[in-house]
Amino acid sequence: MTKARRQSYGAKGAPYGFLLPAGILFALFFVLPIGYALWLSLHKVEVKGLGLGKGARSEVWAGLTNYADALTESELLAGALRVLGYGAIVIPVMLGLALLFALLLDTERVRLAPFTRLAIFLPYAIPGVVAALLWGFLYLPDVSPFYYVLDKLGMPQPDLLDGGPLYLALSNIAVWGGTGFNMIVIYTSLRAIPAEVYEAAKLDGCSPLQIALRIKIPMVAPSLVLTFFFSIIATLQVFSEPTTLKPLTNSVSTTWSPLMKVYQDAFGKGDLYSAAAEAVLIAVVTLAASFGFLRAANSRTRQGNAR
Amino acid sequence: MSAPHAPVSPSASATRKSAPAAGTTPGTAQGPPLRRRIALVPTAALLLGALYCLLPVLWVVIAATKSGSELFSTFTFWPGTGFTQNVKDLSAYRDGVYWQWMANSAFYAGIGALLSTAVSAISGYALAIYRFRGRETVFNVLMAGVLMPPVILAVPQYLLLAKADLTDSYASVLLPLILSPYGVYLARIYAAAAVPADVVEAGRMDGASEWRIFLRVALPMMVPGLVTVFLFQFVAIWNNFLLPYIMLSDDEKFPITLGLFTLLEQGSNTPALYTLVITGALLAVVPLIALFLVIQRFWSLDLLSGAVKS
């Protein structure tokens with residue numbers, strides 16, 4: 001440590017120099033836009049007279065009225081609830097499946113593991129838009145094999161793109177696309193557990209199920225926290241899947257998710273000020289949810305260590 | 001996709017005593033060990049998972065072979081006769097704009113990931129190797145960037161780029177994606193694990209400049225991790241939809257995701273375009289799947305879980 005501190009002046013400036021490109025990009029594409037969004041969210045346009053001519057439209061201070069409007073707007077709240085319902089399906093199912101598949105891959109004498117691992121990981125390579133598009137067609141009665149089978153069996157054909165089933169249809173796309181990536185993250189940390197740990201457990205008479213529940217799952221807890229964390233962020237920001245399904249059904253509105261509402265207000269209506277306030281609110285909720293989750297996860301691990 | 005740094009798991013060792021599967025054979029845990037060679041239930045469950053993941057891909061492969069009329073009239077998993085015609089129609093659509101979209105995606109993802117990896121590498125190296133004032137602050141501020149919803153960034157980014165007269169340009173999709181907080185995070189983990197402090201110190205003793213030490217000594221050591229960062233960025237940019245959706249209006253500059261989306265939007269009015277959308281979707285996933293199969297060996301996926309062995 002003392003050795004590392006004895007550096008020349010060049011070495012002292014070096015890290016700052018190395019971080020310069022990241023710093024400039026961060027200022028231009030993160031700090032500046034966020035600052036601008038905050039500024040916009042606190043302003044509104046005031047129209048004088050007929051709104052014609054130079055100086056007739058001017059930006060004036062609006063205080064928190066944009067936020068108050070956004071918070072009392074029913075459609076934004078409805079979108080937030082829709083995303084909440086969607087996340088309540090996606091996150092447990094996706095991470096549950098990812099953990100299950102990772103544990104199965106790590107089971108003794110399982111066959112075809114490399115093939116199945118690659119197959120389950122494959123959807124990660126497929127863009128969300130294309131995934132939504134593929135599943136969208138599989139949900140369409142005219143072209144779907146599922147409807148064909150149901151038809152032959154004489155069973156009723158549900159409308160997957162409307163009402164409650166729409167949530168399942170959308171969730172399925174996210175589960176399909178995300179399970180493999182999370183499985184790999186969990187599986188990789190499973191493989192990093194030293195073999196001696198299992199041998200000791202086996203000598204003590206642990207069954208594979210007990211090993212999975214009592215040893216494997218607790219030891220991959222950090223990976224589970226990481227996958228949870230990224231899943232929460234991704235879910236709150238769902239945009240491309242419902243947008244892609246929109247042309248196939250009338251049940252997905254242009255304001256289905258909060259992000260779609262922001263887009264609609266900014267570019268559909270041209271009301272940048274309300275859009276900025278909504279975007280800031282979404283960011284605050286995302287940050288609160290992420291930090292709240294990390295905090296809870298941290299205190300849980302600390303408790304676990306203390307035991 | 002195997003993890004080269006992870007130790008071999010006990011499943012490779014020749015223990016044949018335990019029950020074949022976790023939680024699949026109740027009663028055998030304490031009872032006599034079953035001597036089966038294959039863990040049947042786990043294998044079957046994994047195959048089921050694989051089938052679920054491959055099914056839509058299989059469907060699009062078959063659907064792309066159908067002509068417009070076959071798509072709605074024949075059994076969905078029965079191949080049609082129209083594949084070459086579909087590809088011809090797709091290529092002819094608006095003077096081959098489809099292939100322009102593919103080229104654009106390759107450009108955005110290729111150049112974007114390369115620049116992004118370079119910035120991640122140098123930032124991650126600086127954060128991992130040097131002890132300097134404000135290091136943790138810089139890192140934490142960068143990481144907060146991961147949490148920023150793309151839309152809170154994208155809308156004002158659009159307005160700012162509009163002021164610089166840069167919207168609807170290749171730069172408007174490329175520039176905002178160069179700095180990736182997650183890429184910096186990965187590069188930092190990897191640099192900390194792969195570049196020993198002694199080696200950097202030895203370079204200094206030899207009188208090499210800090211820049212030269214980074215380029216000649218540290219960078220080669222970081223290559224396996226940087227391949228992962230590159231691939232991660234490549235996939236992220238290739239799959240990106242929101243930013244080009246907001247930034248671009250000229251469809252000659254669209255990436256493939258946005259192109260297919262607009263095609264689908266038009267297709268909902270004219271079902272004749274469905275075959276084009278389906279064929280286009282198939283051809284759009286082929287390059288990425290091929291890329292995956294070819295370079296999966298070079299992925300060091302343990303990096304993604306933060307489980308790098310030091």
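**Notebook: salt bridges, rings and helices**

I started with A:Glu73, which is partly exposed at a relative accessible area of 28%. My terms here are buried for under 20% relative accessible area, exposed for over 50%, and partly exposed in between, with a 1.4 Å probe and protein chains only.

The model is predicted, so I note that local features need pLDDT of at least 70 and side-chain atom pairs pLDDT 80 or more, while totals for chains, interfaces and linings use all residues. Residues are numbered from 1 along each chain as its sequence is written, chains are lettered from A and ligands numbered from 1 in the order in which they are written, and side-chain values use heavy atoms, with hydrogens and water left out.

**Entry 1: salt bridges around A:Lys261**

I looked up the salt bridges and found 15 over all chains. A salt bridge needs a side-chain nitrogen of Lys or Arg within 4 Å of a carboxyl oxygen of Asp or Glu. A:Glu73 makes one with A:Lys261, where the closest N and O atoms are 3.2 Å apart. A:Glu73 sits in the loop between helix 4 (65-72) and helix 5 (74-105) of chain A and A:Lys261 in helix 14 of chain A, so this bridge ties together parts 188 residues apart in sequence. For helices (H or I, at least four residues) and strands (E, at least two) I use DSSP runs, numbered from the N terminus.

Is A:Lys261 buried or exposed? A:Lys261 is buried, with a relative accessible area of 3%. Its side chain also meets that of A:Asp265 in a salt bridge, 3.1 Å from N to O. These two residues are four apart in helix 14 of chain A, so about one helical turn separates them. An α-helix has 3.6 residues a turn, so residues three or four places apart point the same way. A:Asp265 counts as buried, at 2% relative accessibility.

I then found a salt bridge between A:Lys261 and A:Glu278, at 3.9 Å from N to O. The pair links distant parts of the chain, with A:Lys261 in helix 14 and A:Glu278 in helix 15 (residues 272-306) of chain A, 17 residues apart. Both of these residues are buried. I drew the salt bridges as a network that links A:Glu73, A:Lys261, A:Asp265, A:Lys269 and A:Glu278.

**Entry 2: helix 14 of chain A**

I checked the helix itself next. Eight of its 11 residues are buried, so helix 14 of chain A is largely enclosed by the rest of the structure. Among the buried ones are A:Pro258, A:Leu259, A:Met260 and A:Tyr263. After the helix comes A:Gly270, with a positive phi near 75°.

**Entry 3: rings**

I searched the whole structure for aromatic pairs and got 41 over all chains. Rings of Phe, Tyr and Trp (its six-membered ring) pair if their centres lie within 6.5 Å, and planes under 30 degrees apart count as stacked, over 60 as edge-to-face and the rest as tilted. The rings of A:Tyr263 and B:Tyr245 have centres 4.7 Å apart and planes at 20°, so I filed this pair as stacked. The pair crosses between chains, from helix 14 (residues 258-268) of chain A to helix 11 (residues 242-247) of chain B. A:Tyr263 is buried at 16% relative accessible area, and B:Tyr245 is buried at 17%.

I also noted a cluster linked by ring pairs, including A:Phe121, A:Tyr124, B:Tyr182 and B:Phe232.

Which ring lies under the charged end of A:Lys216? That ring belongs to A:Tyr198, and its centre is 5.2 Å away. A charge sits over a ring if NZ of Lys or CZ of Arg is within 6 Å of the ring centre and within 35 degrees of the ring normal. In chain B, B:Arg188 lies over the face of B:Phe139, 4.1 Å from the ring centre.

**Entry 4: chain B and B:Leu243**

I counted 13 helices and zero strands in chain B. Of its 310 residues, 53% are buried.

I picked B:Leu243, which lies in helix 11 of chain B and counts as buried at 7% relative accessibility. Contact means heavy atoms within 4.5 Å. Leaving aside neighbours within four places in sequence, B:Leu243 has contacts that include B:Ala154, B:Ser172 and B:Leu177. From C-alpha to C-alpha, B:Leu243 and B:Leu177 are 9.1 Å apart in space, with their positions 66 residues apart in sequence.
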